[in-house]
Amino acid sequence: MTPVLAIVTPLAWGFLIPLVYLFRKSLLKWAIPLFEFAIFAITLAAAFSGWRQYTLSFLGGWPAELGIVFVVDKLSAFFLVLVAIGGGGAFLCSYGRLKSGPWRYYVIFFLLQGAMNGVIVTGDIFNLFVFYEIFSLAAYLLVAFTMSWQAIEAGLKYLVMGTVGAFFILLGIAYIFMATGSLNMAILSVSLSQIPKETLTVIAVCLLVGLFIKIGAFPVHFWLPDAHSSAQTAVSALLSGVVVKISVYALIRVSLLFFLEARPNIFAVITAVGVLSVMGGHLMALRQEDIKRLLAYSTVAQIGYILIGVGVGTAAGITAAAFHAVNHMFMKAGLFITAGHITEDMKTRNISELRGLYHHRRGFVVIFTILAAAIIGIPPLSGFMGKWYLMLASVSAGNIVPALALAIGTVLSALYYLRILSAFYSPGDAPPARENPYWPFLVAGAFSVCCVILGFAPFFPPLWGVFSEIGICAMDRAGYVAAVFLE
């Protein structure tokens, strides 16, 4: 299974939809779900092929030194699975609400999926930037798709901050090419260690600043709360659950390949930004009355947890970060889906006005409760296990402060999620009668079940071994280089 198909198929569907609309509009209601199913299946097939052994594809048949190579290893396979599941869930929620009506929405949606797969499988740093910008552009458009003033403003803010981040990344890539004459990431993992330390520091700063802005880490997170809270429900779930994880993947890949041996002190910077994000995100979430903005600020904090795992710079840290990344995908996507449905029912996003919902929207409230308990870190749900392994990895590396931040963050998140649950379970007036939407309920319910199942993953060695292999593979720089050069 060539990884190129995981990129080309969604992009091709994105260009086919307008043609189907022009020549046979009635086919769209069948074509769009079939296209998404094909993307889901091909993305999973690419992931599974790379899980067994490195899967390589050389564009045009050129060797890695001269051409563009696409690589799937266990790290990229894991993130491909995350995109397939999270993207599939967001698609079901979108289709359940919009049907095949706004075909332009699905064009942007498929372009986003193809570009995300491109970031994950490319072995070329400039191509990573190109795919990054395609999916960023698609994300800006999806945020503003409803064309409300709030959504347009959020989309513009996202565009401006994303462009600043892209400029820093492009600058870092330009310096890399001038210093080494190459853009292949396997070659760079060797050659960057031979350039002057000062030059490497400038490159590292440019790449890290750009990626921190794209991730939405504190204190360069200004675009995230507006973008994630102003988009329609399925897009909010996609942005918080999947899109920010693509930036996490880029950070893991670049930092481990380029800087682990040549400039290891950058991992202390990643840890420090992670701690700031945990504390800043939770403290800002505490002040929110708008439930969707609260969830968005919670994403800033949860990204901080993942950065703490990456900053440890060990296989255990990457394993814990990957485990918490998939947990957060299920937890936050499910929370945005349930919160979006509830706020549309009540026609308000103010938490104090969401009273009495347990008696009238019991199914959604129960799902929200499970997901909130998971993200707070109530044992034995997946959020607790994720934080526990992040704490173990951090303490094992001698980092006590991040471990304390994890504990304090858990208490802070409990305060604001309990405030929401308190409103839901209090007496209140019934919302207007409305039929429960099928797909959002099913997707959010399935995600909550995944949070329960993943909570027991560490007790089953074969299942936990999957996550351990991701961490070991990510640290195996020599294995990545040897695979790309067919050694």
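User: Helices are DSSP runs of H or I with at least four residues, strands are runs of E with at least two, and both are numbered from the N terminus. With that settled, how many helices and strands does the protein have?

Analyst: Bear in mind that this is a predicted model, where local features need pLDDT of at least 70 and side-chain atom pairs pLDDT 80 or more, while totals for chains, interfaces and linings use all residues. Residues are numbered from 1 along each chain as its sequence is written, and side-chain values use heavy atoms, leaving out hydrogens and water. On that footing, the protein comes out with two strands and 19 helices.

User: What radius of gyration does the protein have, next to a compact globule?

Analyst: The yardstick is 2.2 Å times the number of residues to the power 0.38, with the radius taken over C-alpha atoms. The C-alpha trace spans about 70 × 60 × 45 Å along its principal axes. For 487 residues the globule value would be near 23 Å, and the protein agrees with that at 21 Å.

User: How far does helix α13 reach from its first C-alpha to its last?

Analyst: Helix α13 covers residues 315-346, so 1.5 Å times one less than its number of residues gives the expected span. That expectation is 46 Å for its 32 residues, and the model's helix comes close to it. Just past the end of α13, K347 takes a positive phi of about 55 degrees. End to end, α13 itself reaches 46 Å.

User: Is α13 largely enclosed or open, and how many of its residues are buried?

Analyst: Buried means under 20% relative accessible area, exposed over 50%, and partly exposed in between (1.4 Å probe, protein chains only). G340 sits in this helix, and its 1% relative accessibility makes it buried. G340 is also 7.7 Å from K292, C-alpha to C-alpha, though 48 residues separate them in sequence. The rest of the structure largely encloses α13, because the buried count for its 32 residues is 29.

User: Which residue does D345 meet in a salt bridge?

Analyst: A salt bridge puts a side-chain nitrogen of Lys or Arg within 4 Å of a carboxyl oxygen of Asp or Glu. D345 is in helix α13 and its partner in the loop between α13 and α14, so the pair ties together parts 16 residues apart in sequence. Both ends are buried, D345 at 4% relative accessible area and its partner at 9%. With N to O at 2.3 Å, that partner is R361.

User: Where is R349, the salt-bridge partner of D290?

Analyst: The closest N and O atoms of D290 and R349 are 2.9 Å apart. They link distant parts of the chain, 59 residues apart, with D290 in the loop between α11 and α12 (291-312). D290 counts as buried at 19% relative accessibility. As for R349, look in the loop between α13 and α14 (362-376).

User: Which residue pairs with E261 in a salt bridge?

Analyst: E261 counts as exposed, at 57% relative accessibility. The N to O distance in this bridge is 2.6 Å, and the partner is R477.

User: How many salt bridges does a search of the whole structure find?

Analyst: Some share partners, and in that way K157, D226 and R293 join into one network. Counting across the whole structure, the search gives ten.

User: What share of the protein's residues count as buried?

Analyst: Take contact as heavy atoms within 4.5 Å: among contacts with a separation of 6 or more, 79% come from residues 24 or more positions apart. Of the 487 residues, the buried share is 60%.
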